[in-house]
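Colleague: Before I use the labels on this model, I would like to hear the reasoning behind them. Please take them one at a time.

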Amino acid sequence: MSALLDHLQSKLTHVCRCWAVTRRDGRVFGFTDHDRALQFDGITFKADSGMTARTLEHVTGLAVDNTEAVGALSDAAVTEADITAGRFDGASVKAWLVNWQDVAARELRFCGSIGELKRADGAFHAELRGLSEALNQPVGRVFERGCSAVLGDERCRVDLGGAGYRTEVSVDVVENNRVLRFDAFAGFDDRWFERGRVQMMSGAAEGLVAVVKSDRLDGDVRVIELWEQLRANVEPGDAVLLEAGCDKRRESCRLKFANFMNFRGFPHIPGEDWLVGYPTASGRNDGGSRYQ
């Protein structure tokens with residue numbers, strides 16, 4: 001920082017901006033508005049990407065830093081296919097002010113993630129959200145009958161790597177990138193993967209994840225329908241990793257996953273019907289629990 005400050009206080013400066021975009025699949029892309037490529041932190045910041053950004057605007061409080069990254073779609077960097085598939089959704093972003101004659105003299109000016117991402121006229125416009133964005137999200141526990149944990153997380157503690165909870169198979173028939181059919185797919189009960197996850201392991205859609213809407217056995221054929229169409233083409237023969245689904249009920253937690261000790265719901269919360277309840281001669285009216 002001191003080296004960059006000394007440089008900025010001189011009469012002649014040589015500064016540019018560099019951005020590093022790290023996708024959730026681990027791939028890192030570097031961009032710069034300088035006229036030649038730069039390297040630091042093991043990242044090559046390309047100059048031919050057409051990447052630019054608006055002035056970073058830092059404010060006090062919890063407001064989101066207001067900035068936007070703009071660039072041309074390029075097969076060598078950000079492709080339209082990757083944007084359409086959602087591979088850049090939620091990617092982390094870092095931006096530096098750099099002395100291009102001495103890249104060691106630099107300052108990190110922004111750290112956040114990509115928010116809304118649009119495509120138009122062969123270019124992309126990415127909204128950049130600061131770290132304070134997470135503080136604007138509602139937090140707290142919801143008291144409801146169903147379990148509030150996510151299957152396999154630190155609160156649930158189910159090991160999805162265990163036998164019977166995941167399997168990798170190849171797709172036999174694909175319909176509209178949303179309905180997947182598998183022949184001779186046995187060993188799992190009907191609706192076993194319903195509300196579970198599908199992760200593409202090969203093909204053009206490799207790395208994409210979707211949620212299972214329905215899982216049905218039709219004779220020897222298993223039919224899995226997704227809630228949303230995968231945003232990349234899926235072809236017969238592509239490998240798919242399927243994870244068991246959870247409907248958040250205590251019965252499923254106990255019988256399907258043998259995990260009732262970690263059930264995070266409140267099954268004995270009374271429903272709305274108690275508001276219109278009244279005593280009857282045939283029932284118990286001792287004021288005790290209605291769930292005995």
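**Salt bridges**

Modeller: This is a predicted model, and the count of salt bridges in it comes to 16.

Colleague: What makes Arg-87 and Asp-82 a salt bridge?

Modeller: The closest N and O atoms of Arg-87 and Asp-82 are 3.2 Å apart. The cut-off is 4 Å between a side-chain nitrogen of Lys or Arg and a carboxyl oxygen of Asp or Glu, so the pair qualifies.

Colleague: Why are Arg-87 and Asp-82 called buried?

Modeller: Arg-87 has a relative accessible area of 15%, and that of Asp-82 is 14%. Buried means under 20%, so the word applies to Arg-87 and to Asp-82.

Colleague: What is the distance for Arg-181 and Glu-175?

Modeller: It is 2.8 Å from N to O, and the side chains of Arg-181 and Glu-175 meet in a salt bridge. Arg-181 has 24% relative accessibility and Glu-175 has a relative accessible area of 31%. Partly exposed covers what lies between under 20% and over 50%, so Arg-181 is partly exposed, and so is Glu-175.

Colleague: How do you know that Glu-243 and Arg-197 meet in a salt bridge?

Modeller: Their N to O distance is 3.3 Å, and the limit is 4 Å. This pair links distant parts of the chain, with Glu-243 in strand 16 (residues 239-243) and Arg-197 in strand 13 (residues 197-200), 46 residues apart. Glu-243, at 7% relative accessibility, counts as buried because the bound is under 20%. Arg-197 has 36% and is therefore partly exposed.

Colleague: Which residues do shared partners join into one network?

Modeller: Arg-23, Asp-25, Asp-82 and Arg-87 are joined by salt bridges that share partners.

**Strand pairing**

Colleague: What makes strand 11 and strand 12 a pair?

Modeller: Strand 11 (residues 173-175) and strand 12 (residues 179-183) run antiparallel and are joined by three bridges. At least two are needed, so the two strands pair. Glu-175 has Val-179 of strand 12 as its bridge partner. The hairpin of strand 11 and strand 12 has three residues between the strands, and there Asn-176 takes a positive phi near 55°.

Colleague: How many bridges connect strand 12 and strand 15?

Modeller: Five bridges connect them, in the antiparallel sense, and strand 15 spans residues 221-226. The requirement of at least two is met, so strand 12 and strand 15 pair. In strand 15, Glu-225 is the bridge partner of Val-179.

**Cysteines**

Colleague: How many disulfides does the structure hold?

Modeller: The structure holds zero disulfides. For Cys-246, the closest cysteine sulfur is in Cys-147, 6.3 Å away, and the cut-off is within 2.5 Å, so this is too far for a bond. Cys-253 is also in no disulfide: the nearest cysteine sulfur, that of Cys-147, is 6.1 Å away.

Colleague: What makes Cys-246 and Cys-253 buried?

Modeller: Cys-246 has 15% relative accessibility and Cys-253 has 8%. With buried set at under 20%, the label therefore holds for Cys-246 and for Cys-253.

**Largest pocket**

Colleague: How much space lies in the largest pocket, and which residues are the closest to its centre?

Modeller: About 540 Å³ of space lies in the largest pocket. It is lined by 18 residues, and the closest to its centre are Arg-24, Ala-85, Gly-207, Leu-208 and Val-209. Strand 14 (residues 209-218) gives the most to the lining, with three residues. By class, the lining has eight nonpolar, three polar and seven charged residues.

**Positive phi in loops**

Colleague: Where does Arg-157 lie, and what is its phi?

Modeller: Arg-157 lies in the loop between strand 9 (123-130) and strand 10 (166-170). Its phi is positive, about 70°, although Arg-157 is not a glycine. At 59% relative accessibility, Arg-157 is called exposed because that label means over 50%.

Colleague: Why is Arg-191 called partly exposed?

Modeller: Arg-191 has 43% relative accessibility, and exposed requires over 50% while buried requires under 20%, so partly exposed is the label left. Arg-191 sits in the loop between strand 12 and strand 13. The phi of Arg-191 is positive as well, about 70°, although this residue is not a glycine.

Notes. Residues are numbered from 1 along each chain as its sequence is written. This is a predicted model: local features need pLDDT of at least 70, side-chain atom pairs count only at pLDDT 80 or more; totals for chains, interfaces and linings use all residues. Side-chain values use heavy atoms; hydrogens and water are left out. Buried means under 20% relative accessible area, exposed over 50%, partly exposed in between (1.4 Å probe, protein chains only). Helices (H or I, at least four residues) and strands (E, at least two) are DSSP runs, numbered from the N terminus. On a 1 Å grid over the protein atoms alone, a cavity is a set of points where a 1.4 Å probe fits but cannot get out, and a pocket is an open set with protein on both sides within 12 Å along at least five of seven lines; lining residues have an atom within 4 Å of a point. Grid points are joined across faces, edges and corners, and a volume is the space filled by probe spheres set on the points. Ala, Val, Leu, Ile, Met, Phe, Trp, Tyr, Cys and Pro count as nonpolar, Asp, Glu, Lys and Arg as charged, and the others, Gly among them, as polar.
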